[in-house]
Amino acid sequence: MEAKRKKNLAVLVSGGGSNFAAILGAIDRGEINGEVKAVISSNAQAYALTRARDRGIPAYVCARGDYEDLPARDREILRILKQYDTDYVLLAGYLGIMSPFLLEEYPYRVINIHPALLPKFGGKGFFGIHVHEAVLAAGESESGATVHFVDYETDTGLIIAQGKVKVEKDDTPQTLQSRILDNVEHKLFPKVVAALCDDRITVQNGKVIYSEEK
Ligand code: GRF
């Protein structure tokens, strides 16, 4: 059988980029039939940019404040995505919202990881440590992470996969955050990206069909 073409990936970030690093690790281990062609950050200070440059991956800053408005920023992002013939856009800790015209170019080809069990604890204001503060304040017995397709609202797109952790009695937002990152996010996100790159994830009649078998 002919080997499938490697997929071109673009990773959008705003912060530390530990999920981006997890994806690079999986690529290095030969688990993902894809290549990160470009990293785009909404924040010039993001450590994720250093990770990209250290690997010789083209890294771009598209900060909201540097453009007239959001569509202007997103036109530049689209230009970069097209330059690299991007197959999949991976939001890995990206804090921006995406203009509809950008999403329309990549139907079911933009995915995000969110550090909670959506639909709970998603939407406006639920980002970073605030998510975990809210989970603890609500007295939840479990939390986790969700990988989903991005649609026109925040954290509402079709869910592809979730992973869970138990909330412990002595958890702080920080301990819960780091357990979810280590035990769920850094495994779940590369696993879903691997499946996408193998064409094992499709959407039929509004439902995600995910074949976990390689
Ligand atoms: C992760 O918790 C991710 O779920 C959320 O933002 C955080 C990014 O962390 N969307 P990192 O930049 O990948 O380390």
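This passage describes charged pairs, two buried loop residues, one helix and the ligand surroundings in a predicted model.

The structure is a predicted model in which local features require a pLDDT of at least 70 and side-chain atom pairs count only at pLDDT 80 or more, whereas totals for chains, interfaces and linings use all residues. Residues are numbered from 1 along each chain as its sequence is written, and side-chain values use heavy atoms, with hydrogens and water left out. Helices (DSSP runs of H or I, at least four residues) and strands (runs of E, at least two) are numbered from the N terminus. Residues are called buried under 20% relative accessible area, exposed over 50% and partly exposed in between, as computed with a 1.4 Å probe on protein chains only.

A search of the whole structure for salt bridges, defined as a side-chain nitrogen of Lys or Arg within 4 Å of a carboxyl oxygen of Asp or Glu, returns 14 of them. Side chains of opposite charge can pair when their charged atoms come close. One of these bridges joins Lys4 to Asp199, with 3.5 Å between the closest N and O atoms. Because Lys4 lies in the segment before β1 (7-13) and Asp199 in the loop between α6 (173-197) and β8 (201-204), this pair ties together parts that are 195 residues apart in sequence. Lys4 is partly exposed at 47% relative accessibility, and Asp199 is partly exposed at 40%. Lys4 and Asp199 also belong to a network of salt bridges that includes Lys7.

A further salt bridge is formed by Glu142 and Lys164, at an N to O distance of 3.4 Å. This pair links distant parts of the chain, with Glu142 in strand β6 (residues 142-149) and Lys164 in strand β7 (residues 159-166), 22 residues apart. Glu142 is partly exposed, with a relative accessible area of 33%, while Lys164 is exposed at 54%. In the salt bridge between Arg29 and Glu31, the closest N and O atoms are 2.8 Å apart; Arg29 is exposed at 55%, and Glu31 is partly exposed at 34%. With a disulfide taken as a pair of cysteine sulfur atoms within 2.5 Å, the search of the whole structure finds zero disulfides. Cys62 is buried at 1% relative accessibility, as is Cys197 at 0%.

Helix α3 (70-83) has 14 residues, for which 1.5 Å a residue (the expected span being 1.5 Å times one less than the number of residues) gives 20 Å, in agreement with the 20 Å between its end C-alpha atoms. Its buried residues are Leu70, Ala72, Arg73, Asp74, Ile77, Leu78, Ile80 and Leu81, and the elements that cover them include β1, β2 (34-41), β3 (59-61), β4 and α4 (100-105). The N-terminal end of α3 is capped by Asp69, a side-chain oxygen of which lies 3.0 Å from the backbone nitrogen of Ala72. After the helix comes Asp85, with a positive phi near 50°.

Asp87 is located in the loop between α3 and β4 (88-91) and is buried, with a relative accessible area of 11%. Apart from neighbours within four places in sequence, Asp87 is in contact (heavy atoms within 4.5 Å) with Arg5, Lys6, Lys7, Asn8, Tyr106 and Arg109. Polar contacts are pairs of N or O atoms within 3.5 Å; within protein, one atom must be able to donate a hydrogen and the other to accept it, and residues adjacent in sequence count only if both atoms are side-chain atoms. The side chain of Asp87 makes such a contact with the side chain of Arg5 at 2.9 Å, and a polar atom of the Asp87 side chain lies 2.7 Å from the backbone nitrogen of Asn8.

Ser14, in the loop between β1 and α1 (18-28), is buried at 7% relative accessibility. A polar atom of its side chain lies 2.8 Å from the backbone nitrogen of Leu95. Beyond neighbours within four places in sequence, the contacts of Ser14 include Ser41, Asn43, Gly93 and Tyr94.

The residues around the ligand, each with a heavy atom within 4 Å of it, are Gly16, Gly17, Ser18, Asn19, Gly93, Ile113, His114, Pro115, Leu181 and Glu185. Polar side-chain atoms of Ser18 and Glu185 lie 2.5 Å and 2.6 Å, respectively, from an oxygen atom of the ligand. For Asn19, a polar backbone atom is 2.8 Å from an oxygen atom of the ligand.
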